[in-house]
Amino acid sequence: MNDKTTWCRETLAGLVVIPHKGDMVSWADGKLRIPYSVRSPIYIASESPWLLEPMRALSDPKVRRVDVRMPAGAAKSLIGEIHIAFCVSESNGLYYYVWQTDDDGKDAMEDRIYPMMEANKCTSSRLPIDRHKKRVDKIAFAHMSLYSVGANLSAAQSKRVRYLTMEEPHLYGAGMMTAFEKRVEGCDDYKILTLSTGSIIGDESDVTFNNGSVELWQVPCLKCGEYQAMNDSKDRLSCQIDAETTDEKGEIIWQKVLPTVKYTCEKCGESWDRSSTARKKQAQQGRYIPTNLNAPEHHRSFHMEAVSVHYFPFEKLLMEKLNAVQAYKRGAIEPFKDYMQKRRAMAWDEAPEQTHDQAAFDRSKGSYYKNDTVPDEITRFLTVDNQAGKASRGEGAHRWFVCRAYTATECRLIDEGKIGSWEELEEKRIALNVEPSRTLVDIAFDTVAVQAVCVRYGWQGLWGDTAGRKAYPHHETVIVNNAPQRLTRFYPYSPFNIGHVGIGKSGERRQARYYFWCQQPIKNLWHRLRGGMTTYRWTVPQDVSKEYEMQTGTEFKKQQTSKSGNKEWLWMTKANADDHMKDADQMNMVAALMDARIREILWTVTDESDLIVQAEKEKE
């Protein structure tokens, strides 16, 4: 093909067009090839009917913005890809397809967009012949250009565009979504499309979505005919969980539970047919119902949940949900957050209250009151979190304390609260009948002064290890076959350390004993006890304070990447949350583990590997 022919083809490609009389759906249905699809190589509209109204909205000249919030796997990205093909074939204007990173944009171009363009005559005929006009992040057609870019500032400032599609905008950096939206300013017939799973309550994508029509996908009950939005509430997606479907530890026996899964109509209460055929029939009769009647005519937004997708088995979804709920109860929030965002396509609430499990706390209440006598008590500890106080609150130095008593079956909260001076704390210790050496104080703040106080009253110090250690070595001698043998055991606290303080008689230096403690292993054990996941009971009195309840419910588990590149789940505290009694309670657990009698009980009833990480014979 000579240069003149090439020039004519590329010059006339955007001029000789017979417009399609209809919307995107009729243009693509049964004709558009999707070579990368795992369900069908040709787009069939009836296979995913929840996509049709958003695509028709994009075809409506009155609509300028369409926000789609759907679960992962519901084919929502197909809306954007069909829109690209439709615009290349039927329209013109600069098109930006925005991903979280540049690499994501390049992968999408190579794996999905290019194969679709080449597989369809209506788009392949528009592809430029010059290979330099076909890059991994851009296709320079004769009549328009298509960019597939990451959500970064340079891309958001470089072009004025007519079409803007943003994938998972809730994952962009702060302000990026707004920066890209400014690229359409000055264009009268622009289109903005966002495609997302769930987001975060109050972020840019969530606010924008709720400013639209917020149309919920509804399907009819095949028995009563009543339309309704589908969700996975326990009143609708349920199963049988009882003594027959769980083992002696309360663990779910899935092969017994899954056959009992059912989904019921919220109107007539009848169970729905779980087969894919029946669910597909329901979906094909589905419709969107707007819930925000104050939305502007040019802005439509659409939402649906995973239970509405006919090729997602109810059994699989319920199994995911129950596993996520169990993880949440253990303090691992991320799996539950992932389920809410990617399956329910909901905005996640990151408010501190999310970390407090009210039901679990209520279950921990015993039938006693503060300072009641503890039958069969082995020992008790008083632990104290020392605080400087916040001037903004008008606070001076103060302390938060927790006192617990331990038996063979229970660790019982005896008293808790806030106290002012060290003298008042000593009076409280005497009133609670705690031995001085079993009173342990946080010495991380104002270390030397607090050690001096410990020496004065005979208390000991605790210091949380912030280096991420899981254990300290302890050298012990045990008798094996009537002969002494040296062992090294690893516990989540250090051997005692000595802090010298400048008080005492002339020529003598008084020594303050203190210990470091490994925070993550102790937190793991404390949360298991608090969550009722062991046979050893962690209890609180009937008159426990609301302050204690809230301060001990501030932690959540989050996956972090260590300096070595390994990923691990760590306990975190919500920003600006008061958690001083939680710290004191966890220190109380450290103190209890130092007592061999309590450590042995916990080792037996919890099977907790954090208590003794390792025991090995020392080398000769």
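The charged end of R69 sits over the ring of F209, and the distance to the ring centre is 4.2 Å. This is a predicted model, and that holds for everything I show today. Keep R69 and F209 in view, since both are among the residues that line the second largest cavity.

So, on to the cavities. The search of the whole structure gives five cavities of 30 Å³ or more. The one I want to look at is the second largest, at about 70 Å³. Its lining consists of D67, V68, R69, P169, T194, S196, T197, S199, S205 and F209. By character, that lining splits into five polar residues, three nonpolar and two charged. Which elements supply at least two residues each? They are strand β1, residues 65-69, strand β6, residues 191-196, and α9, residues 204-211. Of these, β1 gives the largest share, with three residues.

P169 is also on that lining list. The residue numbered just before it in the chain is E168, and E168 has a phi near 45°, which is positive in a residue other than glycine. For background, most residues other than glycine have a negative phi. E168 is in the loop that runs between β5, 163-167, and α8, 176-181. Is E168 buried or exposed? It counts as buried, because its relative accessibility is 18% and the limit for buried is under 20%.

There is another positive phi to show. D446 has a phi near 55°, and again this is a residue other than glycine. D446 is also in a loop, in this case between β16, 439-442, and α16, 447-457. With a relative accessible area of 44%, D446 is partly exposed.

Back to rings. Besides R69, another arginine to look at is R599, which lies over the face of Y491 at 4.3 Å from the ring centre.

For ring against ring, the search of the whole structure finds 21 aromatic pairs. Take Y97 and W99: this pair is stacked, with 5.2 Å centre to centre and 20° between the planes. The word stacked applies because the planes are under 30 degrees apart. Y97 is buried, with a relative accessible area of 1%. W99 counts as buried too, at 15% relative accessibility.

Now set W463 and F516 beside that. Their pair is tilted, with 5.6 Å centre to centre and 35° between the planes. What does this pair tie together? W463 is in strand β17, residues 460-465, and F516 is in strand β21, residues 510-518, so the contact joins parts that are 53 residues apart in sequence. W463 is partly exposed, at 26% relative accessible area. F516 is partly exposed as well, at 23%.

One more aromatic item before I leave the rings: W50, Y311 and F312 form one aromatic cluster.

Cysteines next. How many disulfides does the search of the whole structure find? Zero. C268 is the example to look at: the nearest cysteine sulfur belongs to C265 and is 3.6 Å away. C268 is therefore in no disulfide, because the two sulfur atoms would have to be within 2.5 Å. C268 is partly exposed, with a relative accessible area of 33%. C411, by contrast, counts as buried, at 0% relative accessibility.

Last, two pairs of C-alpha atoms that can be checked on the screen. L258 and K316 are 58 residues apart along the chain, and their C-alpha atoms are separated by 8.6 Å. L258 is in the loop between α10, 254-257, and β10, 262-263. At 22% relative accessibility, L258 counts as partly exposed.

The other pair is Y339 and A324. These are 15 residues apart along the chain, with 6.8 Å between their C-alpha atoms. Y339 is found in helix α13, residues 333-342. Y339 counts as buried, with 6% relative accessibility.

To go back to the start: R69, with its charged end over the ring of F209, and F209 are both in the lining of the second largest cavity. That is the place I would like to discuss.

Key: Residues numbered from 1 in each chain as written. Predicted model: local features only at pLDDT ≥ 70, side-chain atom pairs only at ≥ 80, totals over all residues. Heavy atoms only, no water. Phe/Tyr/Trp six-rings, centres within 6.5 Å; stacked < 30°, edge-to-face > 60°. Buried < 20%, exposed > 50% of the residue type's maximum accessible area, 1.4 Å probe, protein only. Helix = DSSP H or I, 4+ residues; strand = E, 2+ residues; numbered from the N terminus. Lys NZ or Arg CZ within 6 Å of the ring centre and 35° of its normal. 1 Å grid on protein atoms, 1.4 Å probe; cavity = no way out; pocket = protein on both sides within 12 Å on 5 of 7 lines; lining within 4 Å. Points joined across faces, edges and corners; volume = space filled by probe spheres on them. Nonpolar A, V, L, I, M, F, W, Y, C, P; charged D, E, K, R; others polar.
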